[in-house]
Amino acid sequence: MKNDAPAIFPPAGIGDSKPANQAVLDWVHEIATLTEPENIFWCDGSEQENNFLINESLQQNVLIKLNEKKVPHSYLHRSNPNDVARVEQFTFVCTPTKQEAGPTNNWSEPGETYTKLRALLKGAMRGRTMFVVPYIMGPPDSPLAKVGFEITDSKYVVLNMRIMTRMGDVAVKRLGNNPNAEWNRGVHSLLDINPERRFICHFPQDNAIISVGSGYGGNVLLSKKCLALRIGSYLARKQGWMAEHMLILGIESPEGKKHYVAAAFPSACGKTNFAMLIPPKHFAGWKVTTVGDDIAWMQNRDGRLYAVNPENGYFGVVPGTSYKSNPNAMRSIAHDTLYTNVALTDDGDVWWEGKDGEPPAHAIDWRGNDWTPDSKEKAAHPNSRFTTPMRNNPALDPDVEKGEGVPISAIIFGGRRSDTVPLIYQAFDWKHGVYLGATMASETTAAAAGAVGQVRRDPMAMLPFCGYNIGDYFQHWLDMGKRLTHPPLIFNVNWFRKGEDGKFLWQGFGENMRVLKWIIDRCEETGGALKSPIGWLPGPHDLDLAELDIDHKRVAELLCIDHEEWQKEIAGHKQFFDSLGGVVPEELLEQRNQLAARFKE
Ligand code: OXD
Ligand code: MN
């Protein structure tokens with residue numbers, strides 16, 4: 001199941017849905033002339049087309065059909081073992097000058113990069129089918145919605161794009177005939193899936209992306225990290241909105257009062273779990289609904305920030321997902337789901353580490369090898385994924401299609417920190433909140449290739465996704481705040497603090513509702529708080545911990561601010577800002593001075 005490239009030949013009526021826009025036709029012609037595909041398949045997003053592609057994928061061993069009774073309409077894909085995560089070291093922002101890409105991006109000169117990529121793409125689709133995938137990011141009637149076209153030689157990509165975006169005719173209609181309309185040009189080719197020829201390149205000035213040599217979702221579903229975040233963040237600054245690596249959730253009280261919050265956590269830190277949270281029994285009558293689990297596009301309307309989820313599905317990390325950690329995700333992925341790199345049981349079901357129940361006595365692991373509970377290797381890759389339509393989520397928010405978006409009452413930043421950072425605290429104001437986001441850090445996970453568990457600064461969880469100079473990005477945040485008459489309150493959370501025994505202090509998952517409740521209380525100006533040097537902290541009785549098995553000592557540990565640890569932390573902030581080489585806005589440097597000074601008061 002390593003190469004899903006061989007050409008396919010659809011019957012009449014499938015694969016011939018050519019758009020009318022001449023600019024698109026010209027571009028497709030140019031790429032086809034370069035890559036020399038066997039044929040061109042114009043996707044319309046229909047059920048009939050999807051069924052055809054699934055059948056072809058089954059025949060060509062790109063997909064395995066799962067047991068229809070256990071996981072209806074669902075399939076397993078195994079990627080090449082050298083191609084299982086995003087590759088930040090091969091991801092480039094190709095702006096005319098290095099300074100525009102800034103200190104946190106790999107930069108390469110656009111002219112030279114186009115030349116290099118054109119050489120790699122020359123004849124790359126010989127014997128393969130070239131798919132043209134039109135798609136929209138965002139609710140189609142949203143002023144923020146963006147049209148993209150992705151050219152790809154991978155059926156797996158097409159099948160995923162149909163779940164993750166509004167794909168097909170809807171996008172062609174939205175684009176219309178105007179040859180000067182704004183749309184994103186994305187080109188993807190598997191080539192020979194060789195890490196030495198793997199490049200994910202963004203050309204923000206041209207609204208274009210070229211990705212070669214990978215089949216892994218984060219590198220090749222060009223709608224997601226590439227368009228919705230890297231190119232999106234560039235367009236957002238230019239056009240006065242925000243493209244952020246954030247989940248969006250709704251929270252409704254038993255009295256029917258509703259708030260929305262957006263939260264930025266680095267990859268694989270539980271955004272999907274938080275977005276699908278089910279409140280514990282103690283919060284009977286409270287309802288949490290999901291607008292999005294990964295990306296928020298936000299704009300200022302009437303002085304408030306409104307958010308839409310540009311995506312149409314979830315591309316989530318599988319291991320650890322269970323009825324205990326995330327029942328709504330389990331229900332979402334129980335049918336109509338594409339699995340990548342999980343284990344296959346002997347009865348055609350899927351399995352992964354952390355799934356409910358006993359491990360199977362025998363399975364085929366993500367590499368296609370025999371696996372038993374005694375095996376040293378993991379059965380599922382730590383970054384194995386599900387792709388599932390957001391419609392599958394029983395807690396989907398009813399306003400998910402609202403073009404104007406949902407009003408955001410609070411923004412939450414958070415990372416995976418074993419020490420230093422308390423469970424929850426609130427910024428004094430927007431500027432201070434931007435500082436919290438800018439200095440956020442987290443221990444690394446398997447979502448990106450590289451070492452796991454090292455603390456790295458990841459501003460607003462956008463380090464791998466900001467498509468321009470991070471200093472200008474910080475300034476854009478500060479400027480947005482100046483235009484908001486009712487800015488969201490800003491908070492920082494850390495579910496991952498550990499005690500002296502090395503164990504997590506906080507239960508997390510559904511119990512995070514207790515933290516969310518304090519956030520909502522603060523938004524409604526009913527929640528108490530104590531002033532501390534780092535921000536507002538809940539006082540001993542401000543968090544509702546009723547019916548939770550936790551003692552006062554642990555709560556104190558969770559909320560404590562250790563002055564020594566914070567001196568190190570502030571030094572870490574300085575080191576990070578210094579490493580950015582003078583691009584950090586003065587207002588944020590001033591925030592650090594104020595933070596340091598508050599510790600001396
Ligand atoms: C993701 C990521 O897949 O952040 O969402 O890597
Ligand atoms: Mn993400």
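Analyst: Before we look at single residues, one convention is needed: helices and strands are DSSP runs, of at least four residues for a helix and at least two for a strand, and both are numbered from the N terminus. Please also keep in mind that this is a predicted model.

User: With that convention, where does I193 lie?

Analyst: I193 is placed in the loop that runs between β9 (184–189) and β10 (199–203).

User: And what is the phi of I193?

Analyst: The general idea is that most residues other than glycine have a negative phi. In this model, I193 is not a glycine, yet its phi is positive, near 45 degrees. E547 is likewise not a glycine, and has a positive phi of about 65 degrees; this residue is found in the loop between β31 (535–537) and α14 (552–559).

User: Is I193 buried or exposed?

Analyst: A residue is called buried under 20% relative accessible area and exposed over 50%. Because I193 has a relative accessibility of 9%, it counts as buried, whereas E547, with a relative accessible area of 66%, is exposed. Another loop residue to read in this way is E255, located between β13 (247–252) and β14 (258–264), and at 68% relative accessibility E255 counts as exposed. The C-alpha atom of E255 is separated by 8.7 Å from that of W286, although their positions lie 31 residues apart along the chain as a sequence separation.

User: How should I read a buried residue within a helix, and which residues does S332 touch?

Analyst: One can combine its place, its accessibility and its contacts. S332 lies in helix α10 (residues 327–332), and its relative accessible area of 1% makes it buried. If residues up to four places away in sequence are not counted, S332 touches M276, T337, T388, N392, N393 and P394.

User: Turning to helix pairs, at what angle do α11 and α12 pack?

Analyst: Angles over 145 degrees count as roughly antiparallel. Helix α11 (residues 430–438) packs against helix α12 (residues 470–483) at about 155 degrees, their axes being 10 Å apart, and the two helices are therefore roughly antiparallel to each other. The crossing of α11 past α12 is right-handed, and the residues that meet are W430, K431, V434 and A438 in α11 with F474, W477, L478 and G481 in α12. By class, the residues of this contact divide into 6 nonpolar, 1 polar and 1 charged. G481, which belongs to helix α12, is buried with a relative accessible area of 11%, and its C-alpha atom is 55 Å from that of H362, a residue 119 places away along the chain.

User: Which handedness does the crossing of α15 and α16 have?

Analyst: The geometry is best stated before the handedness. The axes of helix α15 (residues 563–579) and helix α16 (residues 586–600) come within 11 Å and cross at roughly 165 degrees, which makes α15 roughly antiparallel to α16. Their crossing is left-handed. On the α15 side the contact is made by H563, W566, Q567, I570, H573, K574 and F577, and on the α16 side by L588, L589, R592, L595, A596 and F599. Grouped by class, the contact of α15 with α16 has 8 nonpolar, 3 polar and 2 charged residues.

User: How many charged residues does the contact of α2 with α5 have?

Analyst: Helix α2 (residues 47–59) and helix α5 (residues 155–164) have axes that come within 10 Å and cross at roughly 145 degrees, in a left-handed crossing. The contact involves E47, N50, L53, I54, E56 and S57 of α2 together with K155, V158, L159 and R162 of α5. This contact has 4 charged residues, alongside 4 nonpolar and 2 polar ones.

User: Finally, which residues of the largest nonpolar core touch the most other members?

Analyst: A nonpolar core is a set of buried nonpolar residues joined through side-chain atoms within 4.5 Å. The largest such core has 112 residues, and those touching the most other members are M298, Y339, I411, F413, F474 and W477. Helix α8 (residues 223–239) gives the most to this core, with 8 residues. A second, separate core has 37 residues, F491, C523, L548 and V555 among them. As for M298, its contacts, apart from neighbours within four places in sequence, are L144, W241, M242, E244, M246, A262, L305, Y306, A307, I408 and I411.

Key
Residues numbered from 1 in each chain as written. Chains lettered and ligands numbered in written order. Predicted model: local features only at pLDDT ≥ 70, side-chain atom pairs only at ≥ 80, totals over all residues. Heavy atoms only, no water. Buried < 20%, exposed > 50% of the residue type's maximum accessible area, 1.4 Å probe, protein only. Contact = heavy atoms within 4.5 Å. Axes fitted to C-alpha atoms, helices over the stretch in contact; angles between N-to-C directions. Parallel < 35°, antiparallel > 145°, perpendicular 65-115°, else oblique. Left-handed = near helix turned anticlockwise from the far one by under 90°. Nonpolar A, V, L, I, M, F, W, Y, C, P; charged D, E, K, R; others polar.
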